[in-house]
Amino acid sequence: MPNGILVFIEHRQGAINKTSFEAVAAAQALGAGAGQDVSAVVLGADAGVAREVAAYKLARVISAENPKLADYTSDAYADAMERVVRARDPQYVLLPHTYLVRDYAPKLAARFGKGLVSDCIRMKAEGPMVTFTRRLFLGKMDADVVAKGEPPVFATFQSGAYRADQAERGEGAQVESLPVEVGEVRMQPEAPFQEVKQAVDLSKADVIVAIGRGIKSQENIALAQKLADALGGDIAASRPICDAGWLPIDRQIGSSGQTVAPKLYVALGISGAIQHLVGMKNSSTIVAVNKDPEAPIFDIADYGIVGDLFEVVPVLTEEIKKLKS
Amino acid sequence: MKIVVLMKQVPNRDAILRVNREEKWIEEGDLSFEVSESDGYALEEALRLKEKKGGEVVVCSLGPQRVKSVIKDALARGADRAIHILGDNLEHVGPFATAKILAEAIREEQADLVLTGLQSDDYGYGQTGVIAAELLGLPHATIVIEVDYSGEQLRVKRELESGWYQWYTMRTPCLLTIQSGISQIRYATLKGIMAAKKKEIREVQPAADAAAAGEFQTVTRIYLPLKQKQTQFLGDGDAKRGAAQLAEKLRNEARVI
């Protein structure tokens, strides 16, 4: 009889990815509702990582061991996690929706003849019935999803869906080491690196004016730059602008770029895909200008103008100059 | 070298979406469709690899007749032939069944490389490529932002979080999921559009067992996201008035000026 919840803890060379503790908070919430215990699993971790995890309120920490788990590869991680899941036979396997998890977890779930309920933003447990909520259409719609069929259910949680500081601490969980078999590894990783030393550190900026697809052409960036100058802020962009080479990559805000929390964030022509929102949603005041009234950016904006940014920005720039003089 | 590219058709990025009456999907009647963004980049990467290494690019797509527009566009850009897995409602079967249908349709091709986008712009599961790789017995790498196949060995640069990257040496055959922005996408030329008319589009049915693989997750309801903040909308349709009001609010309410 499958039982319990297994939560995956991600680490790289001893550093735990903090969204793992958000997944712990999710697992504890589900465990409390469904009356099931929660076990954490770390792969190829040193004793320090296991100890850090064991400080949380968990039934146990499983430390799966194999020399091939020293560096992350999708082949080794899928093999190791498959062994752990088969050994524990849990009802739920919960993981943080990180780039690493996105790389190996679908392969893991496929070994059980299924996919993942991926990138969830909420979860509601009513007795044995669990409803997951995930985003569709780059954040424009929400979908409630119910898992069915044989356990385990595999689900991943978006960064920020749960709060790491809500993960409950306990009295020291038992660490159980579990030697696991790992098959052939068909890829060789090199050391991770940063492309260039980031020339621009936007995390210190008080004001950021960010542009998205709505800016339409590189020439139009000057318009946004004038607004940034009037506000005494920095210019930044969503991914498509940097992909097009209109602004350098160190101006990119979002999951693959910089994470910022300025006093004022002005989003011009940015629809607000999840990957962008995670990089700026903690800004104190958020302003959004977009033609589409349903754009997801408005879900997190304090002030919104539905309209053409080419009409809004020049007037706004002039008004701000007046107020400042 | 043979490269198979898996491409999905999705509603146009700028489309205004409305929930359908059953609240299970959106109204499709008046929608226009386009290729999912990262799949477009996967095709571009395949075409560039073919230019360097020679060989053939085969496009595979799943869905009703309207999917032909994505296929024809890919052929016009330079793909050599296409497989269209034809069927209604196939786009709703979920990530595992989708991957299984695609894997069975391309298995016989024995491709050296399978490329696809990292995630679709509609359901956004981000799993189809990885699951297809597992079903085909191929190693894979996701979120690939550069492909180096200049030598004997295939090296790929994977994007990690927060500006970090990592190179992997891959064994071939393998499957790669491509990140948007890997290169600049070419336009179809008039010559390409003309040539595409003579290229083969093979229509196939989904493998019976694959379509029946079923799904383990059901969408019970879709709806507009709940607002996380009470947004003050300014200007009431008058953009210039909104701008003036905004400047005043930023100074007196938010106190950021």
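Helices (H or I, at least four residues) and strands (E, at least two) are DSSP runs, numbered from the N terminus. The structure described here is a predicted model, in which local features need pLDDT of at least 70 and side-chain atom pairs count only at pLDDT 80 or more, while totals for chains, interfaces and linings use all residues. Residues are numbered from 1 along each chain as its sequence is written, chains are lettered from A and ligands numbered from 1 in the order in which they are written, and side-chain values use heavy atoms, with hydrogens and water left out.

A good place to begin is a sheet that draws on both chains. Six strands make up this open sheet, with parallel pairing, in the order β15(A)-β14(A)-β16(A)-β17(A)-β18(A)-β13(B); two strands count as paired if DSSP finds at least two bridges between them. The edges are held by β15 (234–237) of chain A and β13 (232–233) of chain B, each of which has a single partner strand, so one side of each lacks a neighbour in the sheet. Between the chains, β18 (residues 303–306) of chain A pairs with β13(B) in the parallel sense over two bridges. Here Tyr303(A) stands opposite Gln232(B).

Helices from both chains accompany this sheet. Helix α7 (residues 239–252) of chain B packs on the sheet, touching β16, β17 (285–290) and β18 of chain A as well as β13 of chain B; contact means heavy atoms within 4.5 Å. The direction of α7(B) makes about 170 degrees with that of β18(A), where axes are lines fitted to C-alpha atoms, for helices over the stretch in contact, and angles run from 0 to 180 degrees between N-to-C directions. Helix α5 (residues 221–231) of chain A lies across β14 (207–211), β15 and β16 (264–268) of chain A, and runs at about 170 degrees to β14(A).

Helix α8 (residues 309–324) of chain A comes next. Its 16 residues should span 22 Å at 1.5 Å a residue, and the end C-alpha atoms are 22 Å apart, which agrees; the expected span is 1.5 Å times one less than the number of residues. Buried residues of α8(A) include Leu309(A), Val312(A), Val313(A), Leu316(A) and Ile320(A), buried meaning under 20% relative accessible area, exposed over 50% and partly exposed in between (1.4 Å probe, protein chains only). An α-helix has 3.6 residues a turn, so residues three or four places apart point the same way. The buried residues of α8(A) pack against α5, β16, β17 and β18 of chain A and also α7 of chain B.

Some backbone details also invite a look. Most residues other than glycine have a negative phi, and most peptide bonds are trans. The peptide bond from Pro151(A) to Pro152(A) is cis, with omega near 0 degrees, and Pro152(A) is found in the loop between β9 (141–147) and β10 (153–157) of chain A. Another cis bond joins Thr172(B) and Pro173(B), with Pro173(B) in the loop between β9 (164–170) and β10 (174–178) of chain B. Asp119(A), although not a glycine, has a positive phi of about 60 degrees; this residue is in strand β7 (residues 117–126) of chain A and is buried at 9% relative accessibility. Ile143(B) has a positive phi of about 50 degrees, and is buried with a relative accessible area of 1%.
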